[in-house]
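Here is a short report on one protein model. Look at the sequence and the structure first, then read on.

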Amino acid sequence: MLDAWALGFALAAGCLQPLGDAIATLAEPTDPLAEPTAGTETFSAADASSLFVGHAGFTLAPAPRWIRHRLRPRERLTAIAARYGVSLDDLLRWNRLDGNGVPPRKRHLRVFTDRNAPPLRQIRYAVGTGETWDDIAANLRIPEHDLRVQNYRHATPAAGDILVAWIDPLEGTSFAANTEPTSPPPLPPIGEGRSVGLPQRGKIVDAVQLPEHPLWVRGNPDHLWGSAHAVRVIHHAFAILRGELGYPSGILIGAMSRRRGGHAPPHRSHQSGRDIDIRLPLRVGLGKTRSPNADEIDWYATWALIDAFARTEEVEAVYLNEVHHGRLYEAARAMGIERARVHAVVRWPSWRGGSHPMVQHADGHNAHLHVRVRCGDEEARCKMAPRFE
């Protein structure tokens, strides 16, 4: 009776996947205990990090060649494409798939890639005292519902239980925090531009243009005007991101406001120089794309970017489509961030609860973050926006 109930719960949990993800139908037995192919070594929380090499943990072959990727339980086609640095369209074409999944009898996919990537691995995990599903999933860097599905016979993990899970050694950061923070290049003189009114009904007095700088990449300069306070906050946050958190790559700042503020199509807000659109960072080795899917985004770097803005203590809100909140939460937990700290930034899975985290939902924010800076102390005519607008 218990097994039947647990299986039903696991199947229900599996149905909660984002509908936009292309799912590879399982070509192997779904019960990991029916075919215990995991190695004999058992890992625990203390040594789980040794299983991973991170997003940059692949090498390049002298030339692209065909490889065979063995399908594993619950793999997404988008994730397979991202780990080998190929497009989803090519992966579908090479394997004569239509994007609706993999035929049940198909056990391998053909991939033309120049990457030597470590294969997915099935491991055994010894549950420690007091560990929850959330803790174990964070240690193994997999979604909690995937962990539960693979171990549906365990209603609640108990100390000493042995769980079996498929992990991807490429999960993890491609950067590391600097042991000694570096001092970034200073911000050049920028003037005293001030925000006036609301973000969705306002203007800028003596607007400041976001300058070119080694810490970031600029989009169209005509759309990068803001208050002096907002520009200083951007510099502060990117100094933390690059100098302390160790993220090495340039991130695109795409839009702020027009020179005089006011209506700025296609945005509803971006009128008073305090709204900033920032392109989400991509995984290492992927080419540029205007509309990346969720598996192409570097969620570890995205968490670091949001955390850097949070540390300035000058951010009113960050907007990101709620379908990505789970990915952000999982990345932060995998990086060792305590649950309470993560919940102060992004409330997952109860984002509709009574708390007011920094990261909030907004439609259309799938490939970029929308950061809203607080009014500066010197901006007497600046007005804070109502919550969730």
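The structure holds 17 salt bridges. It is a predicted model. Side chains of opposite charge can pair when their charged atoms come close. Three such pairs are set out below.

| Pair | N to O distance | Where the partners lie | Separation in sequence |
|---|---|---|---|
| Arg333 and Asp134 | 2.8 Å | helix α8 and helix α4 | 199 residues |
| Arg232 and Glu378 | 3.5 Å | helix α6 and the segment after β15 | 146 residues |
| Asp307 and Arg341 | 2.3 Å | helix α7 and helix α9 | 34 residues |

**Salt bridges one by one**

Take Arg333 and Asp134. Arg333 sits in helix α8 (residues 325-334) and Asp134 in helix α4 (residues 133-140), so their salt bridge ties together parts that are 199 residues apart in sequence. Are these two residues buried or exposed? Arg333 is buried, at 10% relative accessible area. Asp134 is buried too, at 13%. Buried here means under 20%. The pair also belongs to a network of salt bridges that links Asp134, Asp135, Arg333 and Arg339.

Next come Arg232 and Glu378. Arg232 is partly exposed, with a relative accessibility of 34%. Glu378 is partly exposed as well, at 38%.

The partners Asp307 and Arg341 fall into two classes. Asp307 is buried, with a relative accessible area of 8%. Arg341 is partly exposed, at 34%. Asp307 belongs to helix α7, while Arg341 belongs to helix α9 (residues 339-345).

**A sheet of six strands and its helices**

Strands of a sheet pair through backbone hydrogen bonds, either parallel or antiparallel. One open sheet here has six strands, in the order β9-β11-β12-β15-β13-β14, and its pairing is mixed. Which strands form the edges? They are β9 (217-218) and β14 (359-360), and each pairs on one side only. β9 runs parallel to β11 (residues 252-255), and two bridges join them. Arg218 stands opposite Ile253 in β11.

Helix α7 (residues 299-312) packs on this sheet and touches β12, β13 (315-319), β14 and β15. The direction of α7 makes about 0 degrees with that of β15. Helix α6 (residues 228-244) lies across β11, β12 (275-279) and β15 (368-373). α6 runs at about 125 degrees to β15.

**A closer look at α7**

α7 has 14 residues and reaches 20 Å from its first C-alpha to its last, close to the 20 Å expected. Of its 14 residues, 13 are buried, so α7 is largely enclosed by the rest of the structure. At its start, a side-chain oxygen of Asp298 comes to within 3.1 Å of the backbone nitrogen of Tyr300. Just after α7, Glu313 takes a positive phi of about 60 degrees.

**A sheet of three strands and Asp168**

Another open sheet has three strands, in the order β1-β4-β5, with mixed pairing. Its edge strands are β1 (42-43) and β5, each pairing on one side only. β4 (residues 121-126) and β5 run antiparallel, joined by six bridges. Among the partners, Ile123 is matched with Ala165 in β5.

Where does Asp168 lie? Asp168 is in the loop between β5 (162-167) and β6 (194-198). Asp168 is buried, with a relative accessible area of 14%. Its side chain makes a polar contact of 2.8 Å with the side chain of Arg83. The Asp168 side chain also reaches the backbone nitrogen of Leu170 at 3.0 Å. Leaving aside residues up to four places away in sequence, Asp168 touches Phe52, Arg83 and Leu120.

Key:
Residues numbered from 1 in each chain as written. Predicted model: local features only at pLDDT ≥ 70, side-chain atom pairs only at ≥ 80, totals over all residues. Heavy atoms only, no water. Helix = DSSP H or I, 4+ residues; strand = E, 2+ residues; numbered from the N terminus. Buried < 20%, exposed > 50% of the residue type's maximum accessible area, 1.4 Å probe, protein only. Polar contact = N/O pair within 3.5 Å; in protein donor to acceptor, adjacent residues only side chain to side chain. Contact = heavy atoms within 4.5 Å. Pairing = 2+ DSSP bridges. Axes fitted to C-alpha atoms, helices over the stretch in contact; angles between N-to-C directions. Expected span 1.5 Å × (residues − 1). Salt bridge = Lys/Arg side-chain N within 4 Å of Asp/Glu carboxyl O.
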